[in-house]
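Welcome! Take a moment to look over the protein shown here, and then we can walk through some of its features together.

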Amino acid sequence: MRLAQQLYEGLDIGEGSVGLITYMRTDSVSLAAEAINEIREVAGKLYGKDEVAEEPRIYKTKSKNAQEAHEAIRPTSAAITPAGVEGKIDGDLYRLYALIWKRAVASQMSHALFDTVAVDMLAGPDGPERHLLRANGSTLVKAGYMSVYQEGTDDTKADETDHVLPPMQEGDTVTLLALRPEQHFTEPPPRYSEASLVKALEEHGIGRPSTYATIISTLQDREYVEMDNRRFVPTDIGKIVNRFLTHHFHRYVEYGFTAAMEDELDAVSRGEEEWTTPLDKFWKPFIHQVEKIEKNVTREQVAQARELGKDPATGKPVTVRMGRYGPFVQIGTKDDEEKPRFAGLRAGQKMDAVTLADAMELFKLPRTLGQTPDGEPVMANVGRFGPYVKYGSKYVSLKEDDPYTVTLERAFEVIRLKQEADANRIIQEFSAEGIQVLNGRYGPYVTDGKKNAKIPKDRDPKSLTLEECRTLIEQAPVRTGGRFGRGKRAARAVAPEAPPSATPSDPAAPASHPPAPAKRLTSKAAVRDGRKARGAAAVKPLGRKLPSRKPQTAPKGVARRTRGVK
């Protein structure tokens with residue numbers, strides 16, 4: 001959309017700034033009569049009059065909710081061909097303009113004409129060894145719109161009868177280039193691509209063209225789907241959310257709900273219905289269903305736990321479920337005397353496909369790799385913030401290595417790189433006073449663990465004295481709670497880089513606490529907190545002080561009217 005905005009606003013193509021396309025925030029597919037006449041004239045000159053449709057083609061949108069206040073996106077002048085702007089505008093802008101120009105011109109071209117043919121070929125000498133081979137396909141007779149634009153396909157597998165064959169005559173000799181023995185199986189329908197998903201949305205009347213991009217980006221941003229070969233593949237969290245909504249809120253996620261809601265809102269805009277009517281129809285049954293689910297649906301049902309089998313060692317059930325930090329497997333239940341054991345799934349593992357054997361492999365962590373030269377144990381494990389190596393009481397994150405396969409030699413190398421990075425980070429250290437001079441992301445600074453102070457650019461950090469460090473820290477501003485509470489968290493954090501910890505006692509170990517789902521407020525609590533927030537905001541002083549007004553004394557016999565200032 002940003003590129004289209006630049007084409008619409010205008011670009012310099014040698015004759016000053018020129019707007020190359022019409023308004024792009026439209027769902028319409030209709031073109032102005034003047035634009036159609038110009039496109040047909042230009043197409044006749046470039047490709048021949050025989051390739052242009054006999055009559056002007058008029059298109060109508062199939063979407064009931066389309067916004068058609070403007071005409072379709074088209075070049076402002078069909079005479080400005082893509083070849084005329086190539087090299088004068090950026091590559092991405094050129095490709096987008098070429099696409100718009102080609103589709104606009106192709107819309108006024110004639111149909112492409114094919115002859116469907118079946119070619120029988122005789123292979124081998126006369127007699128029982130002769131074989132009959134048949135090829136079904138088509139030959140292009142008249143290019144029509146395909147001489148301008150041929151729409152690509154998302155499906156790599158084409159129909160067997162859709163091959164384009166070269167022109168051939170009876171008796172022609174064909175050279176055998178290769179024999180490819182292939183076996184075909186019936187396959188399920190392919191997963192949605194962006195193009196096929198948009199087509200399905202149009203068919204069901206869901207959304208409108210201007211919202212399709214937002215729908216697709218929301219699916220990806222919330223990690224409900226992931227892209228594989230340009231196809232949408234649902235993630236574990238996407239499957240769980242879909243099952244939950246389909247089972248408990250079927251009315252609101254069925255195909256016809258959005259289209260029916262759009263029709264009802266259109267009726268309100270025309271004055272045929274009061275605006276409170278659709279609100280009553282939606283809100284009352286919806287909030288009733290929410291309250292019912294809050295009372296009757298447990299957290300385990302929401303997480304959709306699936307039992308994989310029994311732990312061979314303890315006989316306790318092994319389940320896979322979704323938690324706050326992603327899918328994980330669990331040995332035992334919350335009702336057992338001992339706390340359940342937990343292990344997160346590895347990258348690439350899916351909740352639907354994980355087996356009992358796969359789950360038991362996950363509980364091989366932590367792995368003891370050996371000892372350091374000083375006799376400290378070295379272990380590999382996975383914590384809340386990812387895989388790590390622990391030596392003694394210190395931790396090192398594993399950025400590229402797998403904790404299930406990492407060796408002791410590789411662990412030593414990772415530890416050495418971490419120690420070198422920490423040594424380069426500390427410029428000076430006054431241990432007795434707890435003050436350090438460190439290399440930070442934005443340059444050297446002084447810290448006492450509570451406040452950070454910038455070092456003047458004309459001052460060498462290595463030559464700072466203890467008194468100078470104290471002075472800089474005293475002059476540093478006090479941290480306050482910033483946006484999203486970052487300031488409060490930063491004030492509590494210790495300035496030196498912390499290990500990848502999960503809990504204060506055993507920072508990286510995930511086995512003591514389950515990855516529970518995120519806590520949420522009930523509707524009543526949310527309303528109560530909202531009232532508190534509004535009350536707090538009401539007493540907050542204004543950012544600037546308004547000037548005071550002195551009431552003027554009115555003449556006698558005239559009523560005095562004052563105006564209050566809020």
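Where is Ala 305 found? Ala 305 sits in the loop that runs between helix H11 (299-303) and strand E8 (306-310). Please keep in mind that this is a predicted model.

**Around Ala 305**

With a relative accessible area of 36%, Ala 305 is partly exposed. Leaving aside residues up to four places away in sequence, Ala 305 touches Glu 300, Val 320 and Arg 321. There is also a link across the chain to look at: Ala 305 and Met 351 are 46 residues apart along the chain, and their C-alpha atoms are separated by 9.4 Å.

**Helices that cross**

Next, let us turn to helices. Two packed helices are described by the angle between their axes and the distance between the axes. Helix H2 (residues 33-47) and helix H4 (residues 91-106) have axes that come within 9 Å and cross at roughly 95°. That angle makes H2 roughly perpendicular to H4. On the H2 side, the contact is made by Ile 39, Val 42, Ala 43, Leu 46 and Tyr 47, while H4 brings Trp 101, Ala 104 and Val 105.

H4 also meets helix H1 (residues 2-9): the axes of H1 and H4 come within 10 Å and cross at roughly 80°. H1 and H4 are therefore roughly perpendicular to each other. Here Leu 3, Ala 4, Gln 6 and Leu 7 of H1 meet Asp 92, Leu 93, Leu 96 and Tyr 97 of H4.

**Helix H9 and its surroundings**

Which residues of helix H9 (residues 255-269) are buried? They are Phe 257, Ala 259, Glu 262, Glu 264 and Ala 267. The cover over these buried residues includes helix H5 (194-204), helix H8 (250-253) and helix H10 (276-296).

Ala 260 lies in H9 too. At 43% relative accessibility, Ala 260 counts as partly exposed. From Ala 260 to Gly 205 the C-alpha to C-alpha distance is 9.0 Å, although the two are 55 residues apart in sequence. After H9 comes Gly 271, which has a positive phi, near 80°.

**Salt bridges**

Now for the charged residues. Side chains of opposite charge can pair when their charged atoms come close. Counting a side-chain nitrogen of Lys or Arg within 4 Å of a carboxyl oxygen of Asp or Glu, the model has 20 salt bridges. Here are some of them:

| Salt bridge | Distance between closest N and O atoms |
|---|---|
| Lys 281 and Glu 264 | 3.1 Å |
| Asp 402 and Arg 346 | 2.3 Å |
| Glu 413 and Arg 410 | 3.3 Å |

The salt bridge between Lys 281 and Glu 264 takes us back to H9. Lys 281 lies in helix H10 and Glu 264 in helix H9, so the pair ties together parts that are 17 residues apart in sequence. How do the two partners compare in exposure? Lys 281 is partly exposed, with a relative accessible area of 43%, whereas Glu 264 is buried, at 17%.

In the salt bridge between Asp 402 and Arg 346, both partners come from loops. Asp 402 lies between strand E15 (394-397) and helix H13 (408-425), and Arg 346 between strand E11 (341-344) and helix H12 (356-362), so this pair ties together parts that are 56 residues apart in sequence. Asp 402 is partly exposed, with a relative accessible area of 25%, and Arg 346 counts as partly exposed at 35%.

Glu 413 and Arg 410 are neighbours of another kind: being 3 residues apart in helix H13, they are separated by about one helical turn. Glu 413 is partly exposed, with a relative accessible area of 34%, and Arg 410 is partly exposed as well, at 24%.

Salt bridges can also be linked together here: Lys 239, Arg 243 and Asp 352 form a network of them.

**A nonpolar patch on the surface**

Finally, which residues form a nonpolar patch on the surface? Phe 114, Leu 140 and Val 164 do, and together they have about 260 Å² of accessible area. Phe 114 belongs to strand E3 (residues 113-123). At 31% relative accessibility, Phe 114 counts as partly exposed.

Terms used: Residues numbered from 1 in each chain as written. Predicted model: local features only at pLDDT ≥ 70, side-chain atom pairs only at ≥ 80, totals over all residues. Heavy atoms only, no water. Patch = residues over 30% accessible without salt bridge, like charges linked within 9 Å, V, L, I, M, F, W, Y side chains within 5 Å. Areas by Shrake-Rupley, 256 points an atom, 1.4 Å probe, with all protein chains shown as cover. Helix = DSSP H or I, 4+ residues; strand = E, 2+ residues; numbered from the N terminus. Buried < 20%, exposed > 50% of the residue type's maximum accessible area, 1.4 Å probe, protein only. Axes fitted to C-alpha atoms, helices over the stretch in contact; angles between N-to-C directions. Parallel < 35°, antiparallel > 145°, perpendicular 65-115°, else oblique. Contact = heavy atoms within 4.5 Å.
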